[in-house]
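Got the viewer open and the model loaded? Let's walk through it one selection at a time.

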Amino acid sequence: METKRASWASNLGFLMAAIGSAVGLGNIWGFPYKMGKSGGFAYLAVYALLAIFVGFIVMASELAMGRKTGQGAMGTYHALTKKFRWIGWLALFSPFAVMGFYAVLGGYCIEYMALNLSNFAFGSESLATGGELFAAMLSNPAGAVLFAALFLALCYLINRSGISGGIEKFNNVGMPTLFVMLVVIIIRSLTLPGAMEGLKFMFVPGYAVEAGFVAETPSLLSVFASAGGQMFFSLSLAMGAMITYGSYLNQKEDLVKNSAIIVFADTLVATMAGIAVIPAAVANGIASGTPLDQIKLGGPNLLFVTLQDVFRAMGTAGALFGVIFYLLVLIAAISSAIALIEVDITYFLDRAEQKGRKGNRPKVAFLVCLAIFAVSVLVGIDGLGTTGVFPWPATAGWNDSMLDFVDMLSEGLAMPIGALMMSIMVGWEIRPQTVLDELHIGYTGRIDTFYRICIKYITPIGMLLVLAGQVNDFFS
Ligand code: PFF
Ligand code: NA
């Protein structure tokens, strides 16, 4: 008897899940900061061009390939190519690396949410500063590991309930909630005195340097590499996630339209997240007399030091905004994490099916989460490089913590190489028509010439430039 493969209950549910996978920590701390540092609107323009000519094309390709084969990333590459099967292994590995730090950061979000909740309930006189709190948290590896376990347990509960019963249900509620909370935080942020300085940091070209927020304007190549890397990570590409989600999608749905919506929504939320956090961080820094070049506007510090100080300065109401904000970030993190975890779950379930067995989803989900947890323990006890457990070279900016190290392996290497190879494979080995045939099942408009040119030339050249820029930044 043939068992039917699981599927999304509706196209809207699929969209919520795919947008949920895209919208994550990358939108909140990566995009706004890189935008401000690298030229404001100019960066947004470079990012948008890359998103249209590379991101959208790779998104549509991944969804199409997954749906065509009805298999996760590994199975899809096995079914479609002879020369590039090994890309499947990259996709299998990346989720472990990214989830290793995602779970630790998700755990910190739970801690901060609980903290703000207790401040709200029990009063918040004599609160520690964001810096003191974060330092205390980093130097407490047991806490980090415990809360990472809690974060993974939440993900496990969702993944074990399946595609429509778990992932889709969570995102159907989570995404609209996240959006509303984001609007609440934006309103609060923009009404703080000094907020305009933050907006200028983000949008006015050159202002970040002029006003002293950052030291110098990065080179064009490094802007390109930064925008390209950010775009891939942000859209959840080249990690098998979109192939996997596509493999559960009904044949009749329009993949071209879906891809455009996902790319647009992710970029919109990244911009909105910037408007929510940067003005608040800058306003608070100015109010407390912090020199502009010392306000941290990116990375874990933005989330766990700078913004916590913003909420602290607002007293009891601030604690409430803190709860809302860290819950928002937590939802964004979970909806991304469950996509990554699903890549590996689907791999094992596909394999069981090929051997004629029906895989046990709860059991597989548990084992995948457990393996990820092992990586999280390493990231957690390293405390972003502050505990000295691992001997990171003190001088090298590129890997001075376990987080940076696993990020370099996944986001820095596996992703751009995987994307480059995938575009060469589609453009030159299996030919663009294979993907176009699948796209045209639900889409009747014109896309062929555009798709062919992008996948054969523009995407690989773009990826090569991104890689070149990353290698260049790596050695300078
Ligand atoms: N897109 C997520 C972010 O912007 O934080 C990260 C991510 C999630 C990457 C899922 C890859 C993935 F499969
Ligand atoms: Na994103």
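What follows is a tour from the whole chain down to single residues.

**The whole chain**

Keep in mind from the start that this is a predicted model. Show the protein chain as a cartoon: you get 19 helices and zero strands. Its radius of gyration is 22 Å, close to the 23 Å that the globule rule gives for 476 residues, so the chain is as compact as a globular protein of that length. Draw a box along the principal axes and the C-alpha atoms fill roughly 65 × 45 × 45 Å. Colour by burial next: 55% of the 476 residues come out as buried. If you like contact maps, count the contacts with a separation of 6 or more; 85% of them join residues 24 or more positions apart.

**The core**

Now for the largest nonpolar core, which has 165 residues. Which of its members touch the most others? Select M59, M99, C155, A281, V329, A333 and A337 to see them. Then add helix α15, residues 315-354, which gives this core its largest share, 22 residues.

Zoom in on A333. Leaving aside residues up to four places away in sequence, A333 touches G24, L25, Y102, L105, G106 and C109.

**Around ligand 1**

Keep G24 in view and bring up ligand 1, since G24 is one of the closest residues there, along with G26, S236, A241 and S336. The full shell around ligand 1 has 15 residues. Which helices should you colour? Try α1 (11-22), α2 (25-37), α11 (220-234) and α15, each of which supplies at least two residues of that shell. Colour the shell by class and you'll find eight nonpolar and seven polar residues, but no charged ones.

**A bend in the loop after α11**

Stay with α11 and step into the loop that links α11 to α12 (241-246), where A238 sits. Check the backbone of A238: phi is positive, about 60°, although this residue is not a glycine. Is A238 buried or exposed? A238 counts as buried, because 30 C-beta neighbours lie inside 10 Å and 20 are enough.

**Helix α16 and what comes after**

Jump to α16, residues 361-382. This helix of 22 residues reaches 32 Å from its first C-alpha to its last, close to the 32 Å expected at 1.5 Å a residue. Select its buried residues, among them V364, A365, V368, C369, I372, F373, V375, S376 and V379. The list also includes the charged R361 and D382. As you look along the helix, remember that an α-helix has 3.6 residues a turn, so residues three or four places apart point the same way. To see what covers the buried residues of α16, show α5 (87-122), α7 (141-160), α15 and α17 (402-429), which are included in that cover.

Go just past the end of α16 and you land on G383, with a positive phi of about 50°. Then pick L384, in the loop between α16 and α17. Phi of L384 is near 55°, a positive value in a residue other than glycine. L384 is buried too, with 24 other C-beta atoms within 10 Å.

**Last stop: A121**

Finish on α5, the helix that holds A121. With 11 C-beta neighbours inside 10 Å, A121 counts as exposed. Draw a distance from A121 to A17, C-alpha to C-alpha: the two are 33 Å apart in space and 104 residues apart in sequence.

Definitions and conventions. Residues numbered from 1 in each chain as written. Chains lettered and ligands numbered in written order. Predicted model: local features only at pLDDT ≥ 70, side-chain atom pairs only at ≥ 80, totals over all residues. Helix = DSSP H or I, 4+ residues; strand = E, 2+ residues; numbered from the N terminus. Rg over C-alpha atoms; globule rule 2.2 N^0.38 Å. Buried ≥ 20, exposed ≤ 12 C-beta atoms within 10 Å, placed from the backbone. Contact = placed C-beta atoms within 7 Å. Core = buried A, V, L, I, M, F, W, Y, C linked by C-beta atoms within 7 Å. Near = placed C-beta within 6 Å. Expected span 1.5 Å × (residues − 1).
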